[in-house]
2 protein chains.
Amino acid sequence: MAASARRGPYFCGIDAAMDVVAGKWKSLILWELHNYGTRRFAELRRGLPGVSEKMLIQHLREMEEDGLVHREVYREVPPKVEYSLTEHGVSLNAALASLGKWGTERIRRIGAEKVSVDVAGAVLR
Amino acid sequence: MAASARRGPYFCGIDAAMDVVAGKWKSLILWELHNYGTRRFAELRRGLPGVSEKMLIQHLREMEEDGLVHREVYREVPPKVEYSLTEHGVSLNAALASLGKWGTERIRRIGAEKVSVDVAGAVLR
DNA sequence: TCAGGTACCCACCTTCGGGTAAGTAGGTCT
DNA sequence: AGACCTACTTACCCGAAGGTGGGTACCTGA
């Protein structure tokens with residue numbers, strides 16, 4: 001699991017930041033939580049088409065450990081868990097903004113496909 | 001190989017940028033080339049303690065394909081190859097700056113070890 | 001009565017990123 | 001003559017990341 005190999009000695013800040021963002025869905029989770037403020041597990045799953053439940057849980061747990069995500073459990077039936085960004089998660093998201101702009105520019109340059117998702121969660125392509 | 005799965009449809013800009021930076025040494029290569037302007041293969045290898053020749057080559061080739069790195073071959077004996085950043089490499093590096101700052105802050109927060117390397121290339125710890 | 005929703009956990013399996021170590025070609029140093 | 005330099009290439013191997021498909025406990029609506 002990724003959690004074991006982390007917090008290693010880092011070469012530089014980028015290294016340390018990448019360690020935290022590495023993972024197929026982490027940046028998307030960050031983006032989703034940033035957009036909606038707070039989201040339930042199933043909402044996140046629907047918002048990230050293609051993610052498996054296992055990976056979503058695993059990533060959320062790691063991000064919680066890393067202090068990026070806050071997990072609020074409501075002891076109800078049916079169970080309800082709400083995820084939101086901590087201040088560190090918010091600042092990381094802000095730090096990723098310039099990278100996102102660069103990436104968008106790159107998509108334009110190379111004319112890559114882009115998966116777009118509408119509000120209902122259906123993949124449009 | 002990483003080159004096969006790339007340029008896939010992206011969810012967003014961050015996704016596209018991460019695709020290009022993903023790889024254990026890519027951000028370090030970017031940083032190294034940014035600092036020195038132009039570097040030979042063996043200089044890069046010495047500058048990134050722990051990198052294997054295979055990975056260095058592989059990453060450099062991928063970054064060349066992605067238009068981040070320029071490769072200049074001098075047909076001499078012994079062979080000489082110089083690597084430098086293209087304009088896209090430079091702008092990517094700039095976009096990574098804020099992420100690097102965030103990571104440095106995180107290193108300070110969690111008190112992680114940091115591998116420091118002196119000019120001669122020896123690992124100090 | 002039984003499918004369906006919630007938020008998970010668990011075991012298994014495949015894929016792939018990365019490491020190790022060797023080989024290559026032409027030349028110079030000793 | 002043989003070691004060593006350059007910048008690679010090739011083959012092989014391992015461990016981790018991620019996917020698949022099940023199971024859980026509890027309740028609700030048809």
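Okay, one definition before anything else: when I say a residue is near a DNA strand, I mean that its C-beta atom, placed from the backbone, lies within 6 Å of that strand. And keep in mind that what we're looking at is a predicted model.

So, with that in hand, let's go to DNA strand C. There are 21 residues around it, and the ones that come nearest are Arg40(A), Ala42(A), Val81(A), Lys24(B) and Ser52(B). Both chains are in that list, as you can hear. Which elements give two or more residues to this surface? From chain A, it's helix H4 (41–47), helix H5 (53–65) and strand E3 (80–85), and from chain B, helix H1 (2–5) and helix H5 (53–65). If you sort the surface near strand C by class, you get 12 nonpolar residues, 7 charged and 2 polar.

Now let's walk through chain A. It has 6 helices and 3 strands, and starting at the N terminus the order goes α-α-α-β-α-α-β-β-α. The chain is 125 residues long, with 30% of them counted as buried. If you take the contacts in chain A with a separation of 6 or more, 48% of them link residues 24 or more positions apart.

On to the strands. E3(A), which we just met at the DNA, pairs with strand E2 (residues 69–74) of chain A through 6 bridges, antiparallel. Those two make a hairpin, with 5 residues between them, and Arg71(A) sits opposite Tyr83(A) in E3(A). E3(A) also runs antiparallel to strand E1 (residues 38–40) of chain A, joined by 3 bridges. There, Thr38(A) is the one facing Ser84(A).

Next, how do the two chains meet? 32 residues of chain A are in contact with 32 residues of chain B. On the chain A side, helix H2 (13–21), helix H3 (26–36) and helix H6 (87–110) each bring at least two residues. H6(A) gives the most, with 14 residues. By class, that side of chain A splits into 19 nonpolar, 7 polar and 6 charged.

Last stop, the inside. In soluble globular proteins, nonpolar side chains tend to be buried together. Here, the largest nonpolar core has 54 residues, and the ones with the most contacts inside it are Ala17, Ile29 and Leu99, in chain A and in chain B. Take Ile29(B) as an example: leaving out residues up to four places away in sequence, it touches Leu44(B), His59(B), Leu60(B) and Met63(B).

That's my tour, thanks for listening.

Terms used. Residues numbered from 1 in each chain as written. Chains lettered and ligands numbered in written order. Predicted model: local features only at pLDDT ≥ 70, side-chain atom pairs only at ≥ 80, totals over all residues. Helix = DSSP H or I, 4+ residues; strand = E, 2+ residues; numbered from the N terminus. Nonpolar A, V, L, I, M, F, W, Y, C, P; charged D, E, K, R; others polar. Core = buried A, V, L, I, M, F, W, Y, C linked by C-beta atoms within 7 Å. Buried ≥ 20, exposed ≤ 12 C-beta atoms within 10 Å, placed from the backbone. Contact = placed C-beta atoms within 7 Å. Pairing = 2+ DSSP bridges.
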